[in-house]
Amino acid sequence: MPEARASSLSPTMADSANSVTPERRVTCLPRPATCSAVAGPTADEKPKQHHPCFVPTLTHLRTPLYPLVSSTTALAHPEFPTTLLAYHLLTSRQLDELAIHYHQVWPPAPATSYYPVVIPPWVGTENEKDVDIETKRRRFGRFIGLQRCETPAEEEESYSWGLEQETETELLALMNQEWNESGMSSLIDSTMGGFSKS
């Protein structure tokens, strides 16, 4: 009987059938009964309870984020996080690339101030390698408008763009000078001149 079976096989299979190795029979073991795992808990088993904060946290992390566009290219960065979960999963490399894309670098570029929020840069600074991922993520979160991402006071004080800080008096004098140079003050004076002061 083994010869008849071997003749119906291909030549290589026939050679292996005539070899010295004995024929092995494979037997299948019956599957273990797992009806309760598939169909749900039985009357004896309790359903698994989630932590009460699980669903609200999951809902919060699914919150969509709408991408900012670059002030120079009008394009969003391809790795801009689309949800809060994606924001929390940003790597250090991705945060560096996002900061560069949105011009939040040192020294500041002209486009740095085109955004509603300017953050303390870490890319291009002397201590770029010392800035940890939590700080990068917090700064970028503040840049895109997330709550609870404020810069600590001690960090804000140590941060400076290197620009001269003008006092309130100097700013008022500069505003007054620009107002007078624009010609608006003379226009208002000429239109208001016909009214008597009472």
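These legends accompany close-up views of one predicted model.

**View 1. The whole chain is helical in its secondary structure, with 10 helices and zero strands.** From the N terminus on, the elements run α-α-α-α-α-α-α-α-α-α. The chain has 198 residues, and 22% of them count as buried. About 15,800 Å² is exposed. Carbon and sulfur atoms supply 59% of that area. Take contacts between residues at least 6 apart in sequence: 47% of these join residues at least 24 apart.

**View 2. Confidence varies along the chain, from a lowest mean of 46 in helix α1 to a highest of 98 in helix α6.** Helix α1 covers residues 2–7, and helix α6 covers residues 92–101. The chain average is a pLDDT of 77. A score of at least 70 is reached by 60% of the residues.

**View 3. Two stretches have pLDDT below 50: residues 1–14 and residues 162–166.** For residues 1–14, the model has six contacts beyond four places in sequence. The stretch 162–166 has three contacts beyond near neighbours in sequence. Where pLDDT is low, the predicted coordinates should not be read in detail.

**View 4. Helix α6 packs its buried residues against helix α7.** The buried residues of α6 are Q94, L95, D96, L98 and A99. Their partner, α7, spans residues 133–143. Mean confidence in α6 is 98, the highest in the chain.

**View 5. H103 follows helix α6.** The phi of H103 is positive, near 60°. The helix before H103, α6, runs over residues 92–101.

Key. Residues numbered from 1 in each chain as written. Predicted model: local features only at pLDDT ≥ 70, side-chain atom pairs only at ≥ 80, totals over all residues. Heavy atoms only, no water. pLDDT = per-residue confidence, 0-100. Helix = DSSP H or I, 4+ residues; strand = E, 2+ residues; numbered from the N terminus. Contact = heavy atoms within 4.5 Å. Buried < 20%, exposed > 50% of the residue type's maximum accessible area, 1.4 Å probe, protein only. Areas by Shrake-Rupley, 256 points an atom, 1.4 Å probe, with all protein chains shown as cover.
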